[in-house]
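Grab a pencil and keep the viewer open. Below are some exercises, each with a solution that goes step by step.

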Amino acid sequence: MRTSLQLREVTPDTFESAIGLRVRPDQEHLVSPVVKSLAEAYVHPGVAWPRLICDGDELVGFLMAFFEIDWTGKGTDFRSGLWRLNIAADRQGRGYGRFAVESVAAEIRRRGGTRLTVSWHPGTDGPEAFYLGLGFRPTGETSGGQTVGALELD
């Protein structure tokens, strides 16, 4: 992986660039826009972890992770994982998505976690092959009509 890849916080100076980031038009139905993620991060402080994916000084993507959410609402199943992943339309296929997932995995490990959860829209036009290729396995659950997958980090 290139050493120029890094995650950065969203700041007042990077906000406009962040909300201007767009996936390919055929993917827009698969992932919410960055502006929605930032609004969700605002109302879920301490849980949501929004970050810009940069290659040097160039913004190439956005991710938002979540940490220790009460998955079932029963206080017995707390999970961490990848909430959103948006790679710029003209920057896909260059390893930025893999870098994002690896970065979230590293942060979960740093916080003491051993499993990374993600969900994706099912179907041939969705990102299932990407996630399966990284080692995620479907859990048999769905969330909001999406397939839930997990990657063991041990």
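Helices (H or I, at least four residues) and strands (E, at least two) are DSSP runs, numbered from the N terminus. We're working with a predicted model: local features need pLDDT of at least 70, side-chain atom pairs count only at pLDDT 80 or more, and totals for chains, interfaces and linings use all residues. Residues are numbered from 1 along each chain as its sequence is written, and side-chain values use heavy atoms, with hydrogens and water left out.

**Exercise 1. Find the element that holds Glu68, say whether Glu68 is buried or exposed, and check the sign of its phi.**

Step 1: Look along strand S3, and you'll find Glu68 there.

Step 2: Now the cut-offs: buried means under 20% relative accessible area, exposed over 50%, and partly exposed in between (1.4 Å probe, protein chains only). Glu68 has a relative accessible area of 52%, so it is exposed.

Step 3: Glu68 is not a glycine, yet its phi is positive, at about 55 degrees.

**Exercise 2. Place Ser80, decide whether Ser80 is buried or exposed, and find what its side chain reaches.**

Step 1: Ser80 belongs to strand S4, which covers residues 78–87.

Step 2: Its relative accessibility is 8%, so Ser80 counts as buried.

Step 3: A polar contact is a pair of N or O atoms within 3.5 Å; within protein, one must be able to donate a hydrogen and the other to accept it, and residues adjacent in sequence count only if both atoms are side-chain atoms. Here the Ser80 side chain reaches the backbone nitrogen of Glu68 at 3.0 Å.

Step 4: Contact means heavy atoms within 4.5 Å. Leaving out residues up to four places away in sequence, Ser80 touches Phe66, Phe67, Glu68, Ile108, Arg115, Leu116 and Thr117.

**Exercise 3. Do the same for Asn86: where does it lie, and which backbone oxygen lies 3.0 Å from a polar atom of its side chain?**

Step 1: Asn86 is in strand S4.

Step 2: With 2% relative accessibility, Asn86 counts as buried.

Step 3: The backbone oxygen belongs to Ser32, 3.0 Å from a polar atom of the Asn86 side chain.

Step 4: Setting aside neighbours within four places in sequence, the contacts of Asn86 include Ser32, Pro33, Val60 and Phe62.

**Exercise 4. Test the length of helix H3 (residues 96–110), then work out what covers its buried residues.**

Step 1: The expected span of a helix is 1.5 Å times one less than its number of residues. H3 has 15 residues, so it should span 21 Å, and its end C-alpha atoms are indeed 21 Å apart.

Step 2: The buried residues of H3 include Tyr96, Gly97, Phe99, Ala100, Ser103, Val104, Glu107 and Ile108. A handy rule: an α-helix has 3.6 residues a turn, so residues three or four places apart point the same way.

Step 3: Among the elements covering those buried residues are strand S1 (5–8), strand S2 (48–55), S4 and helix H4 (128–133).

Step 4: Zoom in on Gly97 in H3. Its relative accessible area is 11%, so Gly97 is buried. Not counting residues up to four places away in sequence, Gly97 touches Leu85, Ile87 and Phe130.

**Exercise 5. Walk off the end of H3 and describe Gly112 and Arg111.**

Step 1: Gly112 comes just after H3 and takes a positive phi of about 95 degrees.

Step 2: Arg111 sits in the loop between H3 and S5. It has a relative accessible area of 42%, so Arg111 is partly exposed.

Step 3: Apart from neighbours within four places in sequence, Arg111 is in contact with Trp49 and Phe67.

Step 4: Arg111 and Glu68 are 43 residues apart in sequence, and their C-alpha atoms are 9.8 Å apart in space.

**Exercise 6. Describe the largest pocket: what is its volume, and how many residues line it?**

Step 1: On a 1 Å grid over the protein atoms alone, a pocket is an open set of points where a 1.4 Å probe fits, with protein on both sides within 12 Å along at least five of seven lines; lining residues have an atom within 4 Å of a point.

Step 2: The volume is about 970 Å³, where a volume is the space filled by probe spheres set on the points, and grid points are joined across faces, edges and corners.

Step 3: The lining has 39 residues, and Leu30, Val31, Leu85, Pro127 and Tyr131 lie nearest the centre. S3, S4, H3, S5 and H4 are the elements that give two or more residues to this lining.

Step 4: S4 gives the most, with six residues.
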